[in-house]
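Trainee: Before we discuss this model, could you show me the sequence and the structure together?

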Amino acid sequence: MSSLMPPGDQPVAPSAATTGLLSMPGVPRANGQHSGPRSIMVIDDSLAVRKVIEASFARIGLPVSAYPDGIAAIQALSRGEVEVPDLVLLDIELPKMDGYQVAGILRNNDAFRNTIVIMLTSHDGMVDRVRSRIVGARDFISKPFRVSHVVSIVRTHLRLPSPDGPSR
Amino acid sequence: MSNASVFSGRLEEFRLVELLQMMGLGANTGALHLHQDNGRTGLIFFEGGALVSANELDTEALTLGHVLQQLGLATGEQLNHAFQLQTQDPLGKRIGERLVDLGILSDDQLTQALKTQSLWTARELALWREGTYEFHAEERQPTDTSALRIDSTRVLMEVLRYEHEWESLYPVLPQGMRTRVTMTVEPPGEHPLLFHAAAWRVIARVNAHQTVRRIATALRLPEVDVARMIGPLVQEGLLVPVGGAGVPGLPEEAARLSMGNFDLFTLLISMEQEWLKKKTPADQLTALAGFINTTMQSLEQACQLNGLSLAPDTLSGILQREGLLGVDNYRFRVGQNRLDVDDFATHCRRALDGSARNSIGATKQFYERYGEVLERALAAAFQAINARVALPIERSQNQEAWEALFLTFRGEPSGTT
């Protein structure tokens with residue numbers, strides 16, 4: 001890849017094993033245009049990361065749904081157990097299906113056209129950043145992260161007012 | 001969250017006095033959370049139906065310091081001295097315990113003052129006519145509250161008496177004890193301007209920044225007595241209520257001593273990433289010891305942000321309380337809130353050299369034994385810090401997060417949340 005391409009410029013080929021998971025009828029409405037409360041999903045195999053993200057956003061009034069892998073998350077979405085989130089914090093190094101594959105599946109499904117994907121990873125290489133962009137991720141957060149940094153990035157992407165003033 | 005919410009509703013439909021009655025009859029244990037739309041929050045803890053603690057999260061909430069001064073048990077100077085001691089040892093004894101150590105209060109007086117604080121707070125919360133309530137069964141205070149039980153009948157009687165009293169006071173003091181009053185510029189012409197000495201003492205302390213509570217504290221009189229004096233002065237047109245003071249949050253001193261600046265979550269994430277790089281049991285053991293030091297370092301930084309200094313024996317105090325000063329024959333070397341990780345690593349190497357000659361089983365046992373003690377030590381440090389977090393929901397979230405990290409330490413699957 002020669003540059004950080006904007007989302008939408010590169011075709012994505014989701015894993016054959018997972019294609020069709022989201023063609024099931026249960027996926028709730030696509031969102032992104034609503035003005036109601038925003039929701040976040042975190043997909044990370046670390047329970048500590050999930051707990052930290054859940055609690056941190058609960059403290060600012062944002063509900064978080066949390067899953068240890070992409071399959072569990074996609075199944076929950078397919079069954080309509082959880083609404084389409086406004087933003088997904090997605091770990092790259094996931095079991096069963098890596099974060100790129102999960103992002104590819106989301107990106108190829110119309111229900112998620114307004115869902116913002118932010119990658120989480122402990123590998124902070126250029127290749128990871130480029131691959132994240134290619135699969136449509138809007139941002140990239142390296143582990144270990146400062147929780148306040150994650151909250152700030154999410155606030156910016158969701159255009160939520162910062163506690164200290166208007167949103168950037 | 002692990003604390004199930006048993007029931008919830010609105011105070012417009014079910015008042016606190018009725019909830020208190022229900023708690024007593026049901027012999028409930030747990031925490032009743034009250035919220036108003038303006039952000040005011042109240043928290044009442046029950047054990048077996050008895051009230052054991054009531055707090056309001058408001059910068060003008062009733063504190064132990066207010067109660068001690070209003071009951072004439074301690075002076076402002078004595079409280080300041082105890083507070084200064086606490087700023088040098090924020091995880092050490094609490095204000096009341098320090099006053100006992102200083103010989104200012106007896107244990108009994110401290111217990112009575114704490115119970116009074118709870119009872120007076122509960123009766124004030126019972127005046128709320130709007131907002132929500134939520135009961136969390138089995139949610140408890142992090143400290144032992146067994147000596148602070150107040151029988152539900154006594155609480156009910158006090159709440160009903162207080163409600164009755166405030167029926168006449170509310171129109172003139174609409175923000176209760178948080179009402180600020182000022183002197184009128186134009187006193188009523190027909191007023192004789194003759195005052196009882198007690199009323200004069202109140203008037204002399206009135207200014208736009210003083211609440212009823214603050215005036216009572218300065219006068220060293222119970223606040224309800226002072227409200228009874230101020231009420232008629234407002235009715236006669238000599239004093240004017242100028243709104244309420246206080247915003248959601250902790251009173252100033254409590255906020256300084258709380259661990260609001262301690263970024264536990266960022267610490268946990270960095271520990272997990274560090275742990276995942278450690279591949280051998282020996283590296284993992286020394287990493288655990290290092291995590292205790294990192295925690296203490298973060299705690300020191302959080303204290304500094306609040307203008308506090310951490311007592312140099314805080315870590316050794318925590319380890320001593322938990323009986324974790326060593327493992328088998330080894331004693332941790334602790335100084336200035338740090339474990340000597342090099343000394344510990346050397347000890348591990350020597351011990352393992354010896355056990356390697358014996359068996360693989362002995363080596364495994366060594367790791368498990370030392371790992372368990374270090375985990376308990378780290379958890380004890382977290383517990384000590386978490387006990388100073390004001391909100392039970394945040395304490396519970398913190399605990400869930402560090403327990404999740406400990407699953408990573410043990411290599412257990414993370415499952416679904």
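Trainee: Which residue in strand 4 of chain A does L90(A) stand opposite?
Mentor: L90(A) stands opposite M119(A) in strand 4 of chain A, where a strand is a DSSP run of E with at least two residues, numbered from the N terminus. This is a predicted model, in which local features need pLDDT of at least 70 and side-chain atom pairs count only at pLDDT 80 or more, while totals for chains, interfaces and linings use all residues. Residues are numbered from 1 along each chain as its sequence is written, and chains are lettered from A in the order in which they are written.

Trainee: What makes strand 3 and strand 4 of chain A a pair?
Mentor: Two strands pair if DSSP finds at least two bridges between them; strand 3 (residues 87-91) and strand 4 (residues 116-121) of chain A have five bridges, in the parallel sense, so the criterion is met.

Trainee: Why is one side of strand 2 and of strand 5 of chain A left without a neighbour in the sheet?
Mentor: The open sheet of five strands in chain A has the order 2-1-3-4-5, with parallel pairing. Strand 2 (64-67) and strand 5 (139-142) of chain A stand at the edges, each with a single partner strand, and therefore one side of each has no neighbour in the sheet. The twist from one strand to the next averages 20°, with axes fitted as lines to C-alpha atoms and angles running from 0 to 180 degrees between N-to-C directions.

Trainee: What share of chain B counts as buried?
Mentor: Of its 417 residues, 35% count as buried, meaning that 20 or more other C-beta atoms, placed from the backbone, lie within 10 Å of the residue's own.

Definitions and conventions: Helices (H or I, at least four residues) and strands (E, at least two) are DSSP runs, numbered from the N terminus. A residue is buried if 20 or more other C-beta atoms lie within 10 Å of its own, exposed if 12 or fewer, and partly exposed in between; C-beta atoms are placed from the backbone.
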